[in-house]
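Thanks for coming. Please have a look at the structure on the screen, and I will then go through confidence, cysteines, charged pairs and the surface.

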Amino acid sequence: MRTRLLLLAALLAAPAAPRAAETPADYAAWLEGRSMLSEASSLAAKVSGSGGQWRSPYALPQSGAFLDKASVWFTAYPNATITNKGESIIGLLGGADLWKQFGRLGVRAMHTGPLKLAGSVDGRSYGPTIDGWFDRIGFSIDPAFGTEAEYRAMVRNAADNGAMIIGDIIPGHTGKGPDFRLAEMGYKDYPGLYDMVEIKKEDWGLLPAVPAGADSANLPYGTVDKLTGLGYIPGHLQRVLFSVPGKKVTGWDATPEIAGADGRTRRWVYLHYFKPGQPTLNWADPSFAAQRLLAADMVKTRLELGAGAIRLDANPFLGIERRPGTYDAWSEGHPLSVGASNYIAWLARKLGAFSFQELNLGLEEISAFSVNGPDLSYDFVTRPAYDDALLTGDAEFLRLTLRLMDRYGIKPGRLIHAMQNHDEITYELVHFLNHPDEKFQYYDRELTGAELRKLIVDRMHALAIGPQAPFNRLSGNGLCATYTGLAATALGIRDVYAMTPEQKEQVKRAHLLLAMYNAMQPGVFAVSGWDLVGALPLKPGQIPGLLADGDCRWLNRGAYDLTGERKADASAGGLPRAQTLYGDLPSQFRDPDSFASRLAGMLEVRRKYGLDKAERLDVLETDGKGTVALAHRLPGGEVEITALNFSREETEESLPVGEYKASAAADLLGREPETKVEDGMLPLKLGPLEGRVLLLRRELSGDSKKEGGS
């Protein structure tokens, strides 16, 4: 991974360092020719003044149309993709062999993850990505992944298989590429791109010294107070993400003295929500530079590369202002973030693309972002709750969360119910963080939001970290583990790298339960390569360099091969091959009881009965501590019940279905005989970590015919 930008240096045909006689003006000209903002005008010209921008409705979300196109997704992580020597990652992801396997699963979209140039520039040398290509510095495809021609071929091959490719927009920040270096130099309107402030020379004494070899220094907590009091910056962030004691304690960094193209020397303070190498964009600057840059990126992704949809990465963090009378900022879920997200979603729809958002906020904020914004949102609402249910065998917090969704009008049909992604297993529980004093009914107790959040997070720490689970690590936001690692943790398996066949079956059973929860809901179901092969976490000793900055998410990003035809021990980017439980897809499809085969069966039921377009009717009352039962009205009018037992014990339930006037229930996965409804109650027996998908049969009045079955 650390050497991949040698390819980029060759591509740009640039010398390795600035010329000795180079002036700041010469350097600025070199940077401008390679900046995204400079390229934005030519990309905008492809749309401006053309009729193409008026052919698609854009004011309101088009979630139904999105689901019609693609409601089962594969979530790729390109840097974890193992290739053969000389084979490109994009070539593999777009290849016919892989799409044949996706066809057996029912995949109708691939979200590739970010593929464009990322990292930094120092002088005329390019540095590597620091956050898995989420620190974009250019609009072109990174040559480490392949070519733009291969990307377009991937789009065509996906379309030939009835599917689409989903790309990424990163609206919150860039890397420290040419655009940021020009902003540091005070060049033209580049400073307007970023949440950055020039500090007067008489106040430089307030700023920390920048260590040798670094290009910025994190501001101490007290310095943020002082600069806020002087009116330079809006104050402390609500949360400091990726906080590392001694390295990052606030969300603000100071630059060293920077010589500008105009002969002035400046020092700046700039905002970063994530890592110091990811300076934050300013969505309310008179230059409108951020809007121009993101619009150009959209045109590139949609019109030149051909992606049918885009993801908005981390869009809660697009607006910030000072809270009056404090040294604190309103830094998450700001109305400016809503407006910026709307703008991006409108532009996507205007260009004929769909969009979805990575939005981890409180429920009322999710509602606000969804009115006119992206078509779909990630299900960060129930995700920590079903992870907690698996970890503990107790589903009360999940039931509570599902009912909260109903209260706030969050429709599951507008959510992406995803298995593992590139991030950690989140335990931020933002809604309860935002409602610390509100009372919530938890069993027979009333807990405040702060108390409930502490209960859930504390028991995750107690059960999933430490000697009982030495393969897991914490990040600032949750648990760094794969879903097979989480399942093993829940089952008390300490040595996941030497499991017995019986333990592997238990882990698969728990993993399939999580898949059933996500797949048997309205909306999108998304599955990752790590899930499909059953990847275990990497061992810290395999990737010490990647863990050096405290980012433990690399443990859940091991490399994998879905095809069984790639034999390398690492991906082209240097990620070691993960140990897996299930193996490649062709091998799994030869075994009807494999994870992939069982998942394919669920997804076929989902497709056949239109569960993606269903309507959530109720979270049914249950007796079992670990049981959740959801009722959905299918597009044809029938009622479907998904019942799941997260406990380690068999449970017997009697589900109230009288209002649906059902006489019996058929098992759609074909594993159990039909069950009769007695006095409006559906008796149900669920084994440990077992789920059932049931279709209620309704007796027609006046004869013995039944409807609602097949």
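I will start in the middle of the charged pairs, with Asp-593, which is partly exposed at a relative accessible area of 32%. Its side chain meets that of Lys-508 in a salt bridge, 3.5 Å from N to O. The two residues sit in distant parts of the chain, 85 residues apart. Lys-508 belongs to helix 18, residues 501-519, while Asp-593 is in the loop between helix 21 (585-589) and helix 22 (595-609). Lys-508 is buried, with a relative accessible area of 7%. So this bridge pairs a buried lysine with a partly exposed aspartate.

Before going further, the usual caveat: this is a predicted model. The average pLDDT for the protein is 93, and 95% of the residues score at least 70. Two stretches need care. Over residues 1-20 the pLDDT stays under 50, and the model has 42 contacts beyond four places in sequence for them. Residues 701-710 also stay under 50, with 22 contacts of that kind. Where pLDDT is low, the predicted coordinates should not be read in detail. I will leave both stretches there.

Back to the charges. How many salt bridges does the count come to? The count is 41. Side chains of opposite charge can pair when their charged atoms come close. Besides the pair I opened with, I picked out two more.

One is Asp-262 with Arg-266, where the closest N and O atoms are 2.6 Å apart. Asp-262 is partly exposed, at 48% relative accessible area, whereas Arg-266 is buried, at 5%.

The other is Lys-454 with Asp-458, again with 2.6 Å between the closest N and O atoms. Both residues are in helix 16, residues 449-464, and because they are four residues apart there, about one helical turn separates them. Lys-454 counts as exposed, at 54% relative accessibility, and Asp-458 is partly exposed, with a relative accessible area of 34%.

There is also a network. Salt bridges with shared partners join six residues named here: Asp-131, Lys-275, Asp-423, Asp-549, Asp-551 and Arg-553.

Next, the cysteines. How many disulfides does a search of the whole structure find? Zero. Take Cys-480, which is in no disulfide: the nearest cysteine sulfur belongs to Cys-552 and is 5.2 Å away. The cut-off for a disulfide is 2.5 Å between the sulfur atoms, so at 5.2 Å this pair does not qualify. Seen from the other side, Cys-552 is in no disulfide either, and its nearest cysteine sulfur is that of Cys-480. Are these two cysteines buried or exposed? Cys-480 counts as buried at 0% relative accessibility, and Cys-552 counts as buried at 14%.

Last, the surface. Which residues form the nonpolar patch that I want to show? They are Trp-54, Tyr-58 and Trp-346, and together they have about 330 Å² of accessible area. Tyr-58 lies in the loop between helix 3 (36-44) and helix 4 (63-69). With a relative accessible area of 32%, Tyr-58 is partly exposed.

To recap: the count comes to 41 salt bridges, and the search finds zero disulfides. Trp-54, Tyr-58 and Trp-346 make a nonpolar patch on the surface. For residues 1-20 and residues 701-710, pLDDT stays under 50. That is what I have; questions are welcome.

Notes. Residues are numbered from 1 along each chain as its sequence is written. This is a predicted model: local features need pLDDT of at least 70, side-chain atom pairs count only at pLDDT 80 or more; totals for chains, interfaces and linings use all residues. Side-chain values use heavy atoms; hydrogens and water are left out. Buried means under 20% relative accessible area, exposed over 50%, partly exposed in between (1.4 Å probe, protein chains only). A salt bridge is a side-chain nitrogen of Lys or Arg within 4 Å of a carboxyl oxygen of Asp or Glu. Patches are made of residues with over 30% relative accessible area and no salt bridge: like charges are joined within 9 Å, nonpolar side chains (Val, Leu, Ile, Met, Phe, Trp, Tyr) within 5 Å. Accessible areas come from the Shrake-Rupley method with a 1.4 Å probe; for residues, only the protein chains shown count as cover. pLDDT is the predictor's confidence in each residue, from 0 to 100. Contact means heavy atoms within 4.5 Å.
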